[in-house]
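Work through the following exercises with the sequence and the coordinates at hand. Each task is followed by a solution that proceeds step by step.

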Amino acid sequence: MAEPPGGRWSGRASVRLRTTAAAVLVVAVVLVLGALLLVSLVRGSLRDGVETTAEQRAADLAAQVEATGVPGSGTGDGDGDGDSDGDGDGDDDADDPEDVVWQVLDERGRVVAASQPLARTLPSDDVDEVRLPGADAAYVVVAEDARAGEASYDVVVAASLEEVADSTRALVGPLVVGLPLVLLLVGATTWVVAGRALAPVERIRREVEGITGDRLDSRVPEPPARDEVRRLAVTMNAMLERLQASSERQQQFVADASHELRSPLASIRQTAEVAREHPGALPEGELAEAVLEESARMQRLVEQLLVLTRADEGALVRAHRDVDLDDLALAEARRVRRAGLAVDTSAVAPGRVQGDPLALAQVARNLVDNAARHAAARVAVSVGDRGETVELVVEDDGSGVPEADRERVFERFVRLDDARARDAGGSGLGLAIVRETVAAHGGSVAVEGSRLGGARFVVRLPAVAADERP
C-alpha cells in the first residue's frame, strides 16, 4: 500500500502520538515544577525549625551568661553535666560533633566556653551555615550578644541540618518513583482516549477513500456523539450531496447541450444529403438558407452555453457601473415592436442599478423575447424605482405559466410546451440565464400571473443609493 503524502507520521497514529506526547510533556513539566516547589518548601520549613531551635538555645545561653556568668568550658549548659542538649557528652571527640553545639567567644574571638571541643571556632559574623570537621551535614549558625559585668561575649550556636537532609531525601525518593508512574498512567490514558476519539475519523477516512466520481451517492458514517467529529461528518456529507447534485447537473447539462446541438447538425446534414442525392429537388438557395438558419441557431446556443459557463465560474459580472435599466427596457421594446407586436411601455420610469451593462441587457432581451414568443398580440414592459430596489416587469397575454412550474421554468433546457416547434420554443436556456445573471447582481426574479392573462416576470435589482446618483 502506498504511503500517504507526508509519510506515516501524517496518519492517525501521528495525531495520537502527538496528543499523547503533548499531554505527557505538559503533565511532566507541571509535576516536576510542583515536586521541586514541594521539596523546596518542606526543606525550607524544616530548616526554619532547626534555625528557630538554635536561636532559642542561643537566647537561653546569652541569658545564662548575663545572669550567672560564662558557663564552665566543656560543661555544656553550665551545670557541669557535660551535655549540651541531653544528647551527648561534654568530652565527645571533636571529630564527632553533636547535633547542637555552642561556643562563647570573648571580645578577641577566643573560645572561653563550649559545649564540646571543636576543631574550629564557630563564626560569629553573618554566616548562615558552616561545615564542621567530622559532621555529615552542614550546621546552621546563630549568634547572640551577651554581657557579664564589663565584659561582652558572643554566644554562637550551631545546629545540625542532618535531619533536614534526611527528611528531604525521604521525600525525594517517593517523588522520583511516583512521578514516572503518574506520567506513564497519563500517557496510557491519553493514548487510549485519543484512539477512541480518532476511531470515527478513521472510519470517515476509509469511507472517503473509497468515494469516486461514480460513487458520489456514498456518505460517511455520522458518530452518535454530538461533538466536533460528528460536525465534521455532517459537513462532509453535505459537501458530498453538493458534489453529487453538481455532478448530476453537469451530466444533465452535457446531455441536454449535446441533444440541442445534434438537432441543427442533423437538419443541416439532412438538407445537404437531399441536395446531393436529388439535384434540383430543392428550390435554388434553400440549402444555403437552411445552413444559415441552423448555424445561427447553433451560434445562439453556444453563446448561451458560454454565458452559463461563466455563471458557474462566478465570472458572469465583468463590470460594475451605473446602468439605466429603463433605457435597456425601451431598446428591447422598440426591437420587438418593429416585428409587428404591440408593446406597451407607458409604465417605464427611470430606474438606475449598478452592474454589467451587457449582462443586464441580456436579461432584458431574454425576458422580452420570451414574452414575444408566447404573446398572442400584446406585451407590456415596465420599470419602476421602489426605493431600495428597481423592478423590471415584462408581461404578455399568452397562455401563462402554470403555478406548479413557476420555479422549474428557470431551470436549464426546460421548455414547458414540449409539443410546440423547436424553432418557436427556443433552447430553454434564456430564463436560466436571466436567473443566473440577476442572482450575480444581488437580485431576484420570479414569475406570476399577469393582468393581461399570460405570464408576468418580475426582476428586482438593488437600486443605486440616492447619495450616489448624479
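**Exercise 1.** Determine what share of the contacts in the protein chain with a separation of 6 or more comes from residues 24 or more positions apart, and set this beside the general make-up of the chain.

*Solution.* In this predicted model, residues 24 or more positions apart account for 61% of the contacts with a separation of 6 or more. The secondary structure of the protein chain consists of eight helices and 12 strands. Of the 470 residues, 37% are buried, and the accessible surface comes to about 26,600 Å², with 53% of that area belonging to carbon and sulfur atoms.

**Exercise 2.** Find the aromatic pair that the structure holds, classify its geometry, and state which parts of the chain the pair ties together.

*Solution.* The structure holds one aromatic pair. Its rings belong to F410 and F457, with centres 6.0 Å apart and planes at 85 degrees; because planes over 60 degrees apart count as edge-to-face, the pair is edge-to-face. The next step is to place the two residues: F410 lies in the loop between β10 (389–396) and α7 (422–425), whereas F457 lies in strand β12 (residues 455–462), so the pair ties together parts that are 47 residues apart in sequence. Finally, both F410 and F457 are buried.

**Exercise 3.** Describe how helix α5 and helix α6 pack, and list the residues through which they meet.

*Solution.* Two packed helices are described by the angle between their axes and the distance between the axes. For α5 (residues 325–337) and α6 (residues 357–374), the angle is about 40 degrees and the axes are 9 Å apart. That angle makes α5 oblique to α6, and the crossing of the two helices is right-handed. On the α5 side, L328, E332, R335 and V336 take part, and they meet P357, L360, A361, A364, R365, V368, D369 and A372 in α6.

**Exercise 4.** Is V234 buried, partly exposed or exposed, and how far does V234 lie from V220 in sequence and in space?

*Solution.* V234 is found in helix α3 (residues 228–277). With a relative accessible area of 37%, V234 is partly exposed, since that class lies between the limits of 20% and 50%. V234 and V220 are 14 residues apart in sequence, and their C-alpha atoms are 8.3 Å apart in space.

**Exercise 5.** Identify which residues of helix α8 are buried, and examine the residue G442, which follows α8.

*Solution.* Within α8 (residues 430–440), the residues G430, L431, A432, I433, V434, T437 and V438 are buried. After the helix comes G442, whose phi is positive, near 80 degrees.

Definitions and conventions
Residues are numbered from 1 along each chain as its sequence is written. This is a predicted model: local features need pLDDT of at least 70, side-chain atom pairs count only at pLDDT 80 or more; totals for chains, interfaces and linings use all residues. Side-chain values use heavy atoms; hydrogens and water are left out. Helices (H or I, at least four residues) and strands (E, at least two) are DSSP runs, numbered from the N terminus. Buried means under 20% relative accessible area, exposed over 50%, partly exposed in between (1.4 Å probe, protein chains only). Contact means heavy atoms within 4.5 Å. Accessible areas come from the Shrake-Rupley method with a 1.4 Å probe; for residues, only the protein chains shown count as cover. Rings of Phe, Tyr and Trp (its six-membered ring) pair if their centres lie within 6.5 Å; planes under 30 degrees apart count as stacked, over 60 as edge-to-face and the rest as tilted. Axes are lines fitted to C-alpha atoms, for helices over the stretch in contact, and angles run from 0 to 180 degrees between N-to-C directions. Angles under 35 degrees count as roughly parallel, over 145 as roughly antiparallel, 65 to 115 as roughly perpendicular and the rest as oblique. A crossing is left-handed if the near helix is turned anticlockwise from the far one by less than a right angle, and right-handed if clockwise.
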